[in-house]
Amino acid sequence: MTQDALHSNAGNFWANQTGGEANVLTYLARNLLIVIAKFLSGVTVRWVDCQPDTCQRVYFANHTSHLDPIVIWSSLPPQVREVTRMVAAKDYWEGGPIRRFIANKVFNALLIDRTNISIRRTPVVIMAEEMSDLYSIIIFPEGGRTNGDEVLEFKSGMYHLAKKRPDLELIPVYLDNMNRILPRGNVLPVPMLSRIVFGPPLWIETGEKKDAFLARAREAVLRLKDL
């Protein structure tokens, strides 16, 4: 059977599940992926001057692997996971029926269309609207994956989101060793030990300029590297 046929059959299978069956599948898939993510990453989690909370937050982290948002989300306590959505690229996560099911039904991901951006519907506007007064989100301000050896300068989107929603707690997150589990270009992950460090919250300050804020946020992530 060809790969296209496999994708087609998988798409038909998910599409045919409704009501209670769909809810059970979602529940099982969610818990299975949490177990797999924790197994593959061997992750240890540390909270520094910060505790898990269901209040609205923006978790912002360095980015080295497609597994990053899944591992962060899986590392949150269940009640926090329920109100936390990872922000991800729509073109990647809608690249097939299985990915689409995982993103939309399992993770309730906030998918951003990077090919269809308008002035009125920027990613920042979409994130703010989708968060409403309930959800927290997971973002990666570098704008793309790195090789894990450095944290790139942050893009301006995080600054504009903080300006639009100054009430949100901004939680720095440092991911260590994730790039070795699923390196760029690899399809199959390799189980490794990794860690996640959640740091103390920060907020944008009144009158703070974009470059100063982004540098301060980036430094907050870097400080967690050696903890």
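User: Helices (H or I, at least four residues) and strands (E, at least two) are DSSP runs, numbered from the N terminus. Which loop holds Ser-132?

Analyst: The model is predicted: local features need pLDDT of at least 70, side-chain atom pairs count only at pLDDT 80 or more, and totals for chains, interfaces and linings use all residues. Residues are numbered from 1 along each chain as its sequence is written, and side-chain values use heavy atoms, with hydrogens and water left out. Ser-132 comes just after α7. Its place is the loop between α7 and β5.

User: What is the phi of Ser-132?

Analyst: Most residues other than glycine have a negative phi. Ser-132 is not a glycine, yet its phi is positive. The value is near 50°.

User: Is Ser-132 buried, partly exposed or exposed?

Analyst: Buried means under 20% relative accessible area, exposed over 50%, partly exposed in between (1.4 Å probe, protein chains only). The relative accessibility of Ser-132 is 42%. Ser-132 therefore counts as partly exposed.

User: Asp-49 also has a positive phi. Is Asp-49 buried or exposed?

Analyst: Asp-49 sits in the loop between β1 and β2, with a phi near 55°. Its relative accessible area is 66%, so Asp-49 is exposed.

User: In what order do the seven strands of the open sheet stand?

Analyst: Strands of a sheet pair through backbone hydrogen bonds, either parallel or antiparallel. Two strands pair if DSSP finds at least two bridges between them. In this open sheet the pairing is mixed. The order is β1-β7-β6-β2-β5-β3-β4.

User: Which strands stand at the edges?

Analyst: An edge strand here has a single partner, so one of its sides is left without a neighbour in the sheet. That describes β1 (44-47) and β4 (110-112).

User: By how much are neighbouring strands of this sheet turned against each other on average?

Analyst: Axes are lines fitted to C-alpha atoms, for helices over the stretch in contact, and angles run from 0 to 180 degrees between N-to-C directions. For this average, direction is ignored. The turn is 20°.

User: Which residue stands opposite Val-173 in β7?

Analyst: Strands β6 (residues 169-176) and β7 (residues 195-198) pair in the antiparallel sense, over four bridges. Opposite Val-173 stands Phe-198.

User: Which strands of the sheet does helix α7 touch?

Analyst: Contact means heavy atoms within 4.5 Å. Helix α7 (residues 123-131) packs on the sheet, its direction making about 165° with that of β4. The strands touched are β2 (57-61), β3 (84-89), β4 and β5 (136-139).

User: Which residues of α7 are buried?

Analyst: The buried residues of α7 pack against β2, β3, β4, β5 and α8 (157-164). They are Val-124, Val-125, Ile-126, Met-127, Ala-128 and Met-131.

User: At about what angle does helix α10 run to β6?

Analyst: Helix α10 covers residues 210-223. It lies across β2 and β6. To β6 its angle is about 45°.

User: Which residues does Ser-74 touch, not counting those up to four places away in sequence?

Analyst: Ser-74 belongs to helix α3 (residues 68-75). It counts as buried because its relative accessibility is 0%. Its contacts are Leu-33, Ile-34, Ala-37, Lys-38 and Arg-81.

User: How many disulfides does the structure hold?

Analyst: A disulfide is a pair of cysteine sulfur atoms within 2.5 Å. The count here is zero.

User: How far from Cys-50 is the nearest cysteine sulfur?

Analyst: Cys-50 is buried, at 6% relative accessibility. The nearest cysteine sulfur is that of Cys-55, a residue that is partly exposed at 26%. The distance is 8.2 Å.
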